[in-house]
Amino acid sequence: MENFEYLNPTRIVFGKGTIARVAGLVPKDRPVLMTYGGGSIKRNGVYEQTRAALQGFDVREFGGIEPNPRYETLMQAVELGRRENVGFLLSVGGGSVLDGTKFIAAAMRFPGSEPWDILAKRAKVEDAVPLGGILTLPATGSESNGNAVVSRESTREKLAFYSEKVYPRFAILDPETTFTLPPRQTANGVVDAFIHVMEQYMTYPVNAPLQDRQAEGILLTLVEEGPKIMAQPDDYATRANIMWTATQALNGLISCGVPQDWATHGIGHELTALYGLDHAQTLAVVFPALLQHQRARKAGKILQYAARVWGITEGGEEQRIDAAIAKTEAFFRSLGVKTRLSEYGIAEGYDEVAKRIGARGSALGEHGDIGPAEINAILALCAA
Ligand code: NZQ
Ligand code: ZN
């Protein structure tokens, strides 16, 4: 096992009727800025529940944060927050609102003139306004991690940052808020969580049996609960299982002491930036192709995954690897998520993805050996 340091400071408040708990978690001494997205919270009662809980607080609002939150929009909230002397940020919505709020938190206290540097130049976040979240979409794990992904419309870039300063102080996870998710977003959430586990698991063995089994436990739960949630979206028990599972997939636990990949996300973010695909749609396209391309490098872990998650134990090694890749792709498709670029009408021009990643000087993969040529080969496999 590799050395590691682990800290997760986020308090999770989980279950039915827990939005009211926000009153005891948000400090009252300064104005609170409540952030939200395009209006789903106004249609499903989450907005009313939150406002009712915050009676007596000095609450300002900033709505309209888009899916794949935009820098241009977020900077308006930064101005508002500074002007109103906001002391706490409360995100109410999905991963995009929460990521956007993390950026607002960091940008409000950023000493330089250009907070975009936090993303583009990896400028260190020394301080951030404290924040908390009421989550309405299980997928990203943003509710208990220090990551945020922000897009810039003017340059069509989508970039991530990490800082310990932007972990939410608390995350309220009420599975009932997820009943109103459209099937596409529910399926996206299952795929995103699945791939988060894969990026931390599907590398090479380092004798970390606990982390492996934790990861496989999350994968197996998604394989079991995913189809149930698509068939019965109003089943509380399944919604609850999916919500807790998605949090566990990216809260830092399963990556302790093991190598990580993140190539699927690296390529996927460019596909969203260039073509506007949903985050999880890009992952379902890229991951099976990445497995195919990296099948020799990842053989040990693919065979373990094949046996423990899909029960594939018969046949030669190559056959079992083929079967595991096929099962993975079929799982995404069973949720209604497409797995080929051509299904999104993308037939050419995708070499821009490799150019952009290459220009940033970053090589992807757990060995750092997935460069532009390999990315093009992976995308050719997705296109087929
Ligand atoms: O904007 P509103 O009106 O709220 O509607 C949203 C949005 O249209 C809607 N929605 C959310 N909760 C709902 C609901 N509709 C009905 N009922 C509800 N309860 O769903 C749509 C998508 O929301 P969004 O927040 O964009 O989805 P998600 O949570 O999947 O977040 C995706 C973003 O997170 C980033 C992605 O790149 C993408 O920008 N990621 C963040 C990560 C992190 N912070 O660790 C890791 C991930 O890998 C990912 O990159
Ligand atoms: Zn993701």
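This passage describes the ligand shell, the aromatic pairs and selected residues of a predicted model.

The shell around ligand 1 comprises 32 residues. Gly-38, Ser-40, Ser-96, Lys-158 and His-196 are the closest of them. Sorted by class, 21 of the shell residues are polar, eight are nonpolar and three are charged. Several elements of secondary structure contribute. Helix α4 (95-108), strand β6 (147-152), helix α6 (183-201) and helix α9 (263-275) each provide at least two shell residues. Both domains take part as well. Residues come from domain 1 (11-177) and from domain 2 (183-383), so ligand 1 lies between the two.

Polar side-chain atoms approach oxygen atoms of ligand 1 at several points. For Ser-96, the distance from such a side-chain atom to a ligand oxygen is 2.5 Å. For Ser-40, the corresponding distance is 2.7 Å. Asn-68 also places a polar side-chain atom by a ligand oxygen, at 3.1 Å. On its own, ligand 1 has 970 Å² of accessible area, and the protein covers 90% of this.

Asn-68 also has a notable backbone. Most residues other than glycine have a negative phi. The phi of Asn-68, in contrast, is positive, near 55 degrees. The residue sits in the loop that runs between β3 (59-62) and α3 (71-83). Asn-68 is partly exposed, because its relative accessibility is 22% and the buried class ends under 20%.

Trp-262 is another non-glycine residue with a positive phi, here about 65 degrees. Its place is the loop between α8 (236-249) and α9. With a relative accessibility of 24%, Trp-262 likewise counts as partly exposed.

Helix α9, which follows that loop, contains Glu-270. This residue is buried, with 2% relative accessible area. The side chain of Glu-270 is in polar contact with the side chain of Arg-356, at a distance of 3.1 Å. Helix α9 is also one of the elements that supply at least two residues to the ligand shell.

Aromatic pairs form a further part of the picture. The structure contains eleven of them. One joins Tyr-162 and Tyr-167. Their ring centres lie 6.3 Å apart, and the planes meet at 90 degrees. The pair is therefore edge-to-face, as the angle is over 60 degrees. The two partners differ in accessibility. Tyr-162 is partly exposed, at 48%. Tyr-167 is buried, at 9% relative accessibility. Elsewhere, ring pairs connect Tyr-71, Phe-103, Trp-116 and Phe-161 into a cluster.

Met-34 belongs to strand β2, which spans residues 32-36. Its relative accessibility is 0%, so Met-34 counts as buried. Met-34 and Arg-51 are separated by 17 residues in sequence. In space, their C-alpha atoms are 9.4 Å apart.

How values were computed. Residues numbered from 1 in each chain as written. Chains lettered and ligands numbered in written order. Predicted model: local features only at pLDDT ≥ 70, side-chain atom pairs only at ≥ 80, totals over all residues. Heavy atoms only, no water. Near = heavy atom within 4 Å. Polar contact = N/O pair within 3.5 Å; in protein donor to acceptor, adjacent residues only side chain to side chain. Areas by Shrake-Rupley, 256 points an atom, 1.4 Å probe, with all protein chains shown as cover. Helix = DSSP H or I, 4+ residues; strand = E, 2+ residues; numbered from the N terminus. Nonpolar A, V, L, I, M, F, W, Y, C, P; charged D, E, K, R; others polar. Domains from an automatic or database assignment. Phe/Tyr/Trp six-rings, centres within 6.5 Å; stacked < 30°, edge-to-face > 60°. Buried < 20%, exposed > 50% of the residue type's maximum accessible area, 1.4 Å probe, protein only.
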